[in-house]
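Good morning, and thank you for making room for me in the meeting. I would like to walk you through one protein chain, slowly and in a few stops, so please have the structure open in front of you.

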Amino acid sequence: MRRVVVTGLGLVTPLGADVETAWANILAAKSGAETITRFDATDFHSNYACEVKPADHAYGFDPNKRVDHKVQRQVDPFIIYGIDAAGQALEDAGLLDMTEEQRYRAGCSIGSGIGGLPGIASESIVLHEKGPRRVSPHFVHGRLINLITGQVQIKYGLMGPNHAVVTACSTGAHSIGDAARMIAMDDADVMLAGGAEGTICPIGIAGFGQARALSTNFRDEPWRASRPWDQDRDGFVMGEGAGVVCLEEYEHAKARGAHIYCEVVGYGMSGDAYHVTAPHPEGSGAFRSMQMAVKRSGLDLAEIDYINAHGTSTPLGDELELNAVRRLFGNNIETMSMSSTKSAIGHLLGGAGAVESIFCILALRDQIVPPTLNLDNPSENCIGVDLVPHKAKERTVKAVLNNSFGFGGTNASLVMKAV
Amino acid sequence: MSETADRVKKIVVEHLGVEADKVTEDASFIDDLGADSLDIVELVMAFEEEFGVEIPDDAAEKITTVKDAITFIDENKG
């Protein structure tokens with residue numbers, strides 16, 4: 001099998017719209033959670049979220065950098081975030097000037113969990129109030145999940161695989177895993193892979209609120225709301241943004257002298273076959289997904305130094321994931337670190353697995369693991385596990401694992417290691 | 001420049017994301033301003049909203065330049 005390495009990174013997050021800014025803020029233990037500004041959420045289950053900040057904010061996002069004005073008007077936010085993150089990754093990889101031949105072998109696998117919810121909601125109101133002849137002609141292709149990939153391929157002339165994963169909150173991890181396989185199987189030499197989400201809108205907050213998935217107890221102090229493994233956790237905090245990596249075949253990257261961040265060595269997938277929203281009570285799917293990824297990597301369990309957990313801050317999920325990790329890793333759990341960066345940027349749903357994989361890659365690069373914020377009173381089950389409470393921690397990081405689990409009982413795990 | 005022309009040009013600039021000085025009366029939406037067929041549907045919708053006119057499909061097909069739009073609106077607005 002051909003080896004697959006990471007040669008470029010791109011991030012749009014609530015704590016920064018470029019890789020270095022977001023990472024610096026993550027390591028500084030900042031929180032991106034605030035009272036929602038996009039709409040008046042006073043009467044909603046939850047009135048706080050981790051929004052991507054506007055361009056004039058210290059670490060805000062300027063869509064004009066990489067997304068044409070016309071495209072911005074036609075598409076939903078998740079597509080704008082995705083195009084920008086993909087552009088960053090391609091620039092970082094130094095692949096903006098590929099020949100036509102090279103571009104035939106360069107593709108995209110950028111998905112989303114939900115897609116264009118804000119636009120579907122607003123155009124439905126237009127249809128209801130003004131009739132069918134007032135619905136935007138860009139309604140359909142401005143909302144479709146595969147239109148990040150579509151827009152990115154048009155913008156950069158990429159003509160390889162044109163793919164988009166939709167597996168709820170596992171999307172980002174599945175996207176990277178699937179794209180890595182496309183390179184391994186010789187379908188492409190370069191793949192932009194990741195996920196994006198932008199559903200902080202009334203119907204999004206109402207929907208997840210009604211599903212009893214959101215944190216609701218921290219209206220006065222939103223930055224305390226996302227607290228994975230803490231006894232006072234009460235649901236996830238919605239985030240938004242995008243993460244995209246540039247994957248490349250190892251020899252291809254070496255031949256052009258590219259900077260190589262790490263190698264994607266393991267990918268595991270499983271299904272819970274249990275419940276549409278609740279995780280399997282034994283963490284069976286999570287266990288098998290991680291087990292498969294580690295097995296594929298050829299590494300020993302003891303070699304995994306850091307896990308970026310799914311860890312959404314929901315009462316059920318955090319414990320079950322920890323149990324699954326404990327069951328798989330046994331005594332090795334005592335020497336590894338595991339944290340959840342959702343404590344800082346919230347849950348980016350379809351973007352989460354990609355953004356968190358990038359934090360794993362940066363942990364490998366900088367030999368430091370990001371903190372779990374607000375972990376004031378870990379539940380009893382956490383004893384003996386380094387969940388990196390409150391502060392980032394310098395340590396040896398040679399191999400990392402990222403977990404992502406989603407509604408529908410879908411699980412994905414990735415293992416990456418230094419080359 | 002007529003008031004209609006000003007408002008039409010403003011809509012074109014906003015929707016197509018082009019520089020205002022490129023939106024001359026002779027400019028063709030497709031050939032000069034980079035619009036595609038869906039952009040024209042959107043522009044026609046915006047003109048209908050802005051001026052309270054109805055632009056039927058057969059009339060919309062004949063609107064290819066900025067001047068065509070201004071003329072149609074001036075002749076049909078209430």
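I will talk about some strands, then two pairs of helices, and finally two residues with an unusual backbone angle. Please keep in mind throughout that this is a predicted model.

Let us begin with strand β14 of chain A, which covers residues 410-417 and is mostly covered itself, since seven of its eight residues are buried. On one side, β14(A) pairs with strand β8, residues 262-271 of chain A, in the antiparallel sense and over eight bridges. If you would like to find this pairing on your screen, look for S270(A), which stands opposite N411(A) in β14(A), and then for Y267(A), which stands opposite L414(A).

The other partner to look at is strand β13, residues 399-406 of chain A, which also pairs with β14(A) in the antiparallel sense, over eight bridges. Here A399(A) is the residue that stands opposite K417(A) in β14(A). What joins these two strands? β13(A) and β14(A) form a hairpin with three residues between them, and in that turn G408(A) has a positive phi of about 95 degrees.

Coming back to β8(A), eight of its ten residues are buried, so this strand is largely enclosed by the rest of the structure. Besides β14(A), with which β8(A) pairs over eight bridges, there is strand β1, residues 4-12 of chain A, which runs antiparallel to β8(A) and is joined to it by two bridges. In that pairing, V6(A) stands opposite C262(A).

Now to the helices. Two packed helices are described by the angle between their axes and the distance between the axes, and I will give you both for each pair.

In the first pair, helix α3 (residues 77-93) and helix α6 (residues 147-156) of chain A have axes that come within 9 Å and cross at roughly 45 degrees. That angle makes α3(A) oblique to α6(A), and the crossing is right-handed. The contact takes in several residues of α3(A), among them F78(A), I79(A) and I83(A), and several of α6(A), including L147(A), I148(A) and V152(A). By class, the residues of this contact divide into nine nonpolar, three polar and two charged.

In the second pair, helix α1 (residues 19-27) and helix α13 (residues 352-366) of chain A pack at an angle of about 80 degrees, with their axes 11 Å apart. At that angle, α1(A) is roughly perpendicular to α13(A). From α1(A), the residues V19(A), E20(A), W23(A) and I26(A) meet F359(A), L362(A), A363(A), R365(A) and D366(A) of α13(A). This contact has six nonpolar and three charged residues, with no polar ones.

My last stop concerns the backbone. Most residues other than glycine have a negative phi, and with that in mind I would like to show you two residues that have a positive one.

W229(A) is not a glycine, and yet it has a positive phi of about 65 degrees. You will find W229(A) in the loop between α8 (202-210) and β7 (241-249) of chain A. Is W229(A) buried or exposed? W229(A) is buried, with a relative accessible area of 0%.

N374(A), again not a glycine, also has a positive phi of about 65 degrees, and N374(A) lies in the loop between β11 (368-369) and β12 (393-394) of chain A. The relative accessibility of N374(A) is 11%, so it counts as buried, the cut-off being under 20%.

Terms used. Residues numbered from 1 in each chain as written. Chains lettered and ligands numbered in written order. Predicted model: local features only at pLDDT ≥ 70, side-chain atom pairs only at ≥ 80, totals over all residues. Heavy atoms only, no water. Axes fitted to C-alpha atoms, helices over the stretch in contact; angles between N-to-C directions. Helix = DSSP H or I, 4+ residues; strand = E, 2+ residues; numbered from the N terminus. Parallel < 35°, antiparallel > 145°, perpendicular 65-115°, else oblique. Left-handed = near helix turned anticlockwise from the far one by under 90°. Contact = heavy atoms within 4.5 Å. Nonpolar A, V, L, I, M, F, W, Y, C, P; charged D, E, K, R; others polar. Buried < 20%, exposed > 50% of the residue type's maximum accessible area, 1.4 Å probe, protein only. Pairing = 2+ DSSP bridges.
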